[in-house]
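Please open the structure in a viewer and keep the selection tool to hand. The tour proceeds by selections, each followed by an account of what is found there.

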Amino acid sequence: MAAGRHLPPLQTLRAFEAAVRLRSFTRAADELALTQGAVSQHIRRLESALGVSLFDREHQGVAPTARAQALALQARQGLALLERAFGSPETRPRVSAAAPPVRLGLSVLPAFAQRWLAPRVPGLRASHAGIELDVRPSAALARLDGRDGIDLAVRYGPGAWPGLKSERLMDEEVFPVASPAYRRGRRLRTPHDLARCTLLRYAWQPWEPWFQAAGLDLVEPAHGPCYDDVDALLEAAASGAGVALARRSLVAPDLAAGRLVRLWDIGIADVHAYYLVWRADSGKLPAIAAVRRWLRREAARG
């Protein structure tokens, strides 16, 4: 049997990608001019074909699983290729045989790829038709050694990596968030109320610096749910499991959708930041410079 017969229908992929990106079957239906039932049917068929659950059904909506987020990134890139290939002559980029597009491998952390980068990638395609961005979400540190296919990386850390060029992309603000329904909707009035809350822990983001900024005499929690994945942490908070300490850039989609709310105006600047990292001897420096400029503009927009 031909391999193409195993591929999901194009409309199913569109519905799936939109549902993951918008984190809602209803909003995906509105965007695609479908009914909510039609989007749900597409998702059920895809889950049946793959033999896995792609969304956690919650009281306030749906939450894509880690598998769904990884698949959506690949589906999004594939759909973009089809749009460029079969779009109208006015929107189809003209690429001459003498100047083929430059393929640029970009390494990013999975949560940053899904929550911050993915909604912005269409803007890069529109403004830089000569660059094919190959987004590689991974928690592993890319080597940028010319053999791993990575030309540019977005790293979160102190900003100094031997043998590589780097520049600061953006700082990060950290603050507590919770579901609007947490504690049955009873409002947390002051930071002191956290003493009676379940504090969700993240392996790389201690609570104590925020406690100090808020003037709380609390110590780092030693018990309670602990996560090593940002998506799992924020999904737990959205489900009402407790209060999470979140990074502004990663929690922004949940705040905009109303799945999470910020608690108070007290935030702290994280000791780490996002950096762009590349090799000074790369053979793709002009394309790398163009993507760096674009990323800096997007970061400046917030």
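The stops below cover helices, a loop and the cysteines. The coordinates are those of a predicted model.

**First stop: helix α1**

Select residues 10-22, which form helix α1. At 1.5 Å a residue, its 13 residues should span 18 Å, and the end C-alpha atoms are indeed 18 Å apart, so the two values agree. Colour the helix by accessibility next. Which residues in α1 are buried? They are Thr12, Ala15, Phe16, Glu17, Ala18, Ala19 and Val20. An α-helix has 3.6 residues a turn, so residues three or four places apart point the same way. Then move to Arg23, just after α1, where phi is positive at about 55°.

**Second stop: helices α2 and α3**

Select residues 25-32 for α2 and residues 36-50 for α3. Two packed helices are described by the angle between their axes and the distance between those axes. Here the axes of α2 and α3 come within 8 Å and cross at roughly 110°. With angles of 65 to 115 degrees counted as roughly perpendicular, α2 is therefore roughly perpendicular to α3.

Show the side chains where the two helices meet. On the α2 side, select Phe25, Thr26, Ala28 and Ala29; on the α3 side, select Gln36, Val39, Ser40 and Ile43. By class, this contact of α2 with α3 has 5 nonpolar and 3 polar residues, with no charged residues.

**Third stop: the loop at Asp228**

Select Asp228 in the loop between β9 (226-227) and α8 (230-238). Is Asp228 buried or exposed? Its relative accessible area is 63%, and Asp228 is therefore exposed. Add Ala203 to the selection: this residue is 25 residues from Asp228 along the chain, yet their C-alpha atoms are separated by 5.3 Å. Leaving aside neighbours within four places in sequence, Asp228 is in contact with Tyr202, Ala203 and Trp204.

**Last stop: the cysteines**

Select Cys197 and then Cys226, and display their sulfur atoms. Why does Cys197 form no disulfide? The closest cysteine sulfur, in Cys226, is 18 Å from that of Cys197, which is too far for a bond; the cut-off for a disulfide is 2.5 Å between sulfur atoms. Cys226 is likewise in no disulfide, its nearest cysteine sulfur being that of Cys197. The count of disulfides is 0.

The surroundings of the two cysteines may be examined in turn. Cys197 has 13% relative accessibility and so counts as buried. Cys226 has a relative accessible area of 46% and is partly exposed.

Conventions: Residues numbered from 1 in each chain as written. Predicted model: local features only at pLDDT ≥ 70, side-chain atom pairs only at ≥ 80, totals over all residues. Heavy atoms only, no water. Buried < 20%, exposed > 50% of the residue type's maximum accessible area, 1.4 Å probe, protein only. Axes fitted to C-alpha atoms, helices over the stretch in contact; angles between N-to-C directions. Helix = DSSP H or I, 4+ residues; strand = E, 2+ residues; numbered from the N terminus. Parallel < 35°, antiparallel > 145°, perpendicular 65-115°, else oblique. Contact = heavy atoms within 4.5 Å. Nonpolar A, V, L, I, M, F, W, Y, C, P; charged D, E, K, R; others polar. Expected span 1.5 Å × (residues − 1).
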